[in-house]
Amino acid sequence: MKCYPCDLLLAIAACAALVLLAATLMNAQDPTSEMRARMVADQIAARGVRSPDVLRAMRATPRHLFVPQASRRLAYEDYPLPLGYGATISQPYIVALMTEAAAPAKTHRVLEIGTGSGYQAAVLAQLAARVYTVEIVPELAQSATKTLRELGYANVEVRQGDGFLGWPEQAPFDSILLTAAPLEIPETLIAQLARGGRLVAPIGSLGNQDLILIRKQADGRIQRHSLGGVSFVPMRRGK
Ligand code: SAH
């Protein structure tokens, strides 16, 4: 005799088993997602970055696809990596710390100076409406554009040029991040910051840099805080 409820139960059990199998296979196909989860827990959340949105973006961004092929297996380690042309992709914790300090929101327009690999821009792209990023080295601007396009970060625009000039046509920005260090905060960039906006930048000479957060008040006044010592490549002067 046929037992319809039994058939139904069997079918449901078979479906559940298939879903479980698919999930296991997907996880096995992307071992990097587990590496990112560990990176976020051990290096970033453990050091005090709290913003759930920032932690989510750091978990979602495939850092290994932004570093040179030869250093892919080091992509989720707790240090910066060379990108060539004198550039380095920052330590993951520093990217998260700067992103949290910049406080991007879904309606925000963000400017980054120092595109490098495009990784910081990709993290920001998930938290802001639009990201504009300027890189002085043509080869890096080109390869970052390609990486960002291939990975589908459609709200990032890369420009090759001198970051000391900012991006006047798109100003004002709700936040501005510098990932190369000038000796002083460039006035041009402060001028391109919206009222209520935040600028995060490493400032100072090699071996003696502070990560600075600048907030432009509603009345235009500037507030400045130090977030601690850092080590970034110096910002070059354009020719
Ligand atoms: N944010 C990058 C890492 C940047 S390393 C990432 O996520 O990978 C610093 C970058 O700043 C380098 O690529 C360097 O070429 C660039 N840079 C240095 N001086 C600059 C300037 N004046 N304008 C724009 N980019 C500059």
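**Ligand site and pockets**

In this predicted model, a polar backbone atom of glycine 163 lies 2.7 Å from a nitrogen atom of the ligand. Considered alone, the ligand exposes 580 Å², of which 98% is buried by the protein. Further backbone contacts involve glycine 114, with a polar backbone atom 3.0 Å from a ligand nitrogen atom, and glutamine 120, of which a backbone N or O atom is 3.0 Å from a ligand oxygen atom.

The shell around the ligand comprises 27 residues, the closest being Glu112, Ser117, Glu135, Gly163 and Arg236. By class, 13 of the shell residues are nonpolar, 10 are polar and 4 are charged. At least two shell residues are supplied by each of strand S2 (87–89), strand S3 (109–113), helix H5 (119–125) and strand S4 (130–135); S2 contributes the most, with 3 residues.

The ligand occupies the space of the largest pocket, the volume of which is about 440 Å³. The lining of this pocket consists of 31 residues, with Gly114, Glu135, Thr179, Ala180 and Val233 nearest its centre. Two or more lining residues come from each of S2, S3, H5 and S4, and the largest share, 3 residues, belongs to S2. The lining divides into 16 nonpolar, 11 polar and 4 charged residues.

The second largest pocket encloses about 240 Å³ of space and is lined by 16 residues; Phe66, Ser117, Ser143, Ala144 and Thr147 lie nearest its centre. Helix H6 (residues 138–150) gives the most to this lining, with 7 residues. The lining of the second largest pocket contains 8 nonpolar, 4 polar and 4 charged residues.

Methods. Residues are numbered from 1 along each chain as its sequence is written. This is a predicted model: local features need pLDDT of at least 70, side-chain atom pairs count only at pLDDT 80 or more; totals for chains, interfaces and linings use all residues. Side-chain values use heavy atoms; hydrogens and water are left out. A residue is near a molecule or strand if one of its heavy atoms lies within 4 Å of it. A polar contact is a pair of N or O atoms within 3.5 Å; within protein, one must be able to donate a hydrogen and the other to accept it, and residues adjacent in sequence count only if both atoms are side-chain atoms. Accessible areas come from the Shrake-Rupley method with a 1.4 Å probe; for residues, only the protein chains shown count as cover. On a 1 Å grid over the protein atoms alone, a cavity is a set of points where a 1.4 Å probe fits but cannot get out, and a pocket is an open set with protein on both sides within 12 Å along at least five of seven lines; lining residues have an atom within 4 Å of a point. A molecule sits in a cavity or pocket if more than half of its atoms lie within 2 Å of its grid points. Helices (H or I, at least four residues) and strands (E, at least two) are DSSP runs, numbered from the N terminus. Ala, Val, Leu, Ile, Met, Phe, Trp, Tyr, Cys and Pro count as nonpolar, Asp, Glu, Lys and Arg as charged, and the others, Gly among them, as polar. Grid points are joined across faces, edges and corners, and a volume is the space filled by probe spheres set on the points.
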